[in-house]
Amino acid sequence: MALSQSNYTKQLSKSLLKGAAACTVRECDETAKGQYVAYVDDGDDSFDVSISLGKEGVVQEGRCDCGETEFCRHQAALLIHLAATTPKAGAKKAVAKSKRSVAAQLLDDLDPEILKAWVEQQLSVYKDLELAFLHRFAPASQQFTPKEAEALTLQAIKAVIGSRKKADGSEVKKITVLWKSLHAPIVDFYLANLTEAEAFDTFHALLESCITFPHRIAITSTRVGSYITELLGHTTGALATLATQTAFDKAIAPIIGHIAAPAAGIRMHYLLHLGEVAALCSGERKTALIEAIAHHYGASDQGRYHNGQQYTRFIFYLLDRNGLFGLHYELVKPIRYNNEFNSILIGRLVELGHLDLAERYCKEQIAVNFKEVYDLPYFLLLQQIYRQQGYWEGERQMAEKLLPHIFRYADYKLLYEAMPEGVEREKWRKRILAKAVSQYSNPAAAHFYFEVLHAEGDYNKMRDTLGTDTPYPTIVAFFDAFVATSPLRLLQVVLNRNDHWTVEEDEANETEIFEKLAALLLAHYPTATLLKAVADNHKAFHYGQSDRFVAFLKKELEAYQ
């Protein structure tokens, strides 16, 4: 099923939705029907994102300059924003009957000389109109130079805002609309001569003159970035379908050669463009293009560029998603302080069996971190590496570091069984359990505490500890023990949690847990007992507002009857 505004919660992964929720969408704008652009802030980073929606809100295309070649969390954030703010797909709109405007009707009756004089006067006042007029009616050039391309771009800017150093949103819109008509012959010139260096140089100069516009003039609109994407999009299909490999290589070479610029950094618009071209290619052509980009990356010093990390992420995902990372596993290095990316990179190395390199990368990142909490992803990876290597002591050491933070029973069991029986082991056990109790609001700590008690067979203590703050997944996991020791207490805890005001980050996961818990209750309690308990809960709490699970259970009971 195609991704759309209405089904994104089911189509996108839980981790992607969670990442999208942490992002902030601003300055969202519809540049054409169904085409949206916005800035998406992700921590200290900000990315240009665009999405095209078709019929029924289906996502037709999405782009982001974060470097990922597939649908990323920034695109997901924009899609979620659109789902919440734009009219639902299929909503009926009033359709106005088309008719000629009053102005168009007046043109039929005007004296040509009077009209000519008026047009001349308007052209002298409105410079943007004059430029568009000249472009439309002046003799057209069949070939352009880089200087001419840049001049056209600057003329459009000057025609709209003059010598001012600031442009508002409406003025930026005027500029980009004017650019479209002025630049069209240059784009056509490039398309007709894709393998010619002079044609690319002119097209490149056009792009650069547009890209530098926001640096010369103070603007906040995302239209310029979207316009660059649109220009490049006009050439994607033509490049991918060039008749011969020789022509393809010749057309692609200057684009790859212009990926990096000492002053501007990595030109992400070219990288994303090449990614789009690669997606349209197949077989040897696709592989050769990706290999060429990888070669350029390997020959570049990413530390020289302010956005070199984006190139690193881009090349990793491009290689990995096209089955080529195994051939270039030493090419991509971890990014300092980027635990999310590094975990994926090192995890792939572990999957491919490059354990020594993966271990070295983990230790390098641990060495530069200044808090142990940032080391946890690397401890997890090292534990996995040591387990595969059969290095038991290393696995034990990682378990010792991880247990006080993530409370996994497997780590506890490994460490507990490694200790000799006696007073010291019992003291250690009590310390660990006390730490878990002190962090009971942490679902992992709460679950771990019950897991230890369950393994020890201390069901009475499990019953006494059970409360309205016990996580739902923990209640489901140890339901049999709870219902065996005190079914009444269990029912009271489940139906009196006061959770109607809380916000569940993972709605899909909550629904799954609710379904399991409801099924367990229906299997162990009479329907009449549950109906009465639900009714009592609705009357007693929150001015008649039921908790989320109680509301869910009520629907299940109605369907069950």
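A residue is called exposed when its relative accessible area is over 50%, buried when that value is under 20%, and partly exposed in between. With these words in hand, a newcomer can start at Phe370, which is exposed because its relative accessible area is 64%. The structure discussed here is a predicted model, and every value below was computed from it.

Phe370 also opens the account of the aromatic rings, for which the whole structure yields 25 aromatic pairs. In one of these pairs, the ring of Phe370 meets that of Tyr374, with 5.6 Å between the centres and an angle of 75° between the planes, so the arrangement is edge-to-face. The partner, Tyr374, has a relative accessibility of 35% and therefore counts as partly exposed. Another edge-to-face pair is made by Tyr449 and Phe450, whose ring centres lie 6.2 Å apart with the planes at 80°. Here, Tyr449 and Phe450 are both buried.

Ring pairs can also join up into a group. Phe407, Tyr409, Tyr412, Tyr416, Trp428 and Phe448 are linked in this way into a cluster. One member of the cluster, Tyr416, has a charged neighbour as well: the charged end of Arg425 sits over the Tyr416 ring, at 4.0 Å from the ring centre.

A charged residue is also the centre of the next view. Glu395 belongs to helix α19, which spans residues 392-406. With a relative accessible area of 13%, Glu395 falls under the 20% limit and is therefore buried. Its side chain is joined to the side chain of Arg387 by a polar contact of 3.0 Å. Leaving aside residues up to four places away in sequence, Glu395 touches Gln383, Tyr386, Arg387 and Leu414. Arg387 thus appears both as a polar partner of Glu395 and among the residues that Glu395 touches.

The cysteines complete the picture. A disulfide is a covalent bond between the sulfur atoms of two cysteines. For this model, the count of disulfides is zero. Cys23 takes part in no disulfide, and the nearest cysteine sulfur, belonging to Cys72, is 8.3 Å away. Because a disulfide needs two cysteine sulfur atoms within 2.5 Å, the distance of 8.3 Å from Cys23 to Cys72 does not meet the cut-off. As for its surroundings, Cys23 has a relative accessible area of 11%, so this cysteine is buried. Cys28, in turn, has a relative accessibility of 30% and so counts as partly exposed.

How values were computed. Residues numbered from 1 in each chain as written. Predicted model: local features only at pLDDT ≥ 70, side-chain atom pairs only at ≥ 80, totals over all residues. Heavy atoms only, no water. Buried < 20%, exposed > 50% of the residue type's maximum accessible area, 1.4 Å probe, protein only. Phe/Tyr/Trp six-rings, centres within 6.5 Å; stacked < 30°, edge-to-face > 60°. Lys NZ or Arg CZ within 6 Å of the ring centre and 35° of its normal. Helix = DSSP H or I, 4+ residues; strand = E, 2+ residues; numbered from the N terminus. Polar contact = N/O pair within 3.5 Å; in protein donor to acceptor, adjacent residues only side chain to side chain. Contact = heavy atoms within 4.5 Å.
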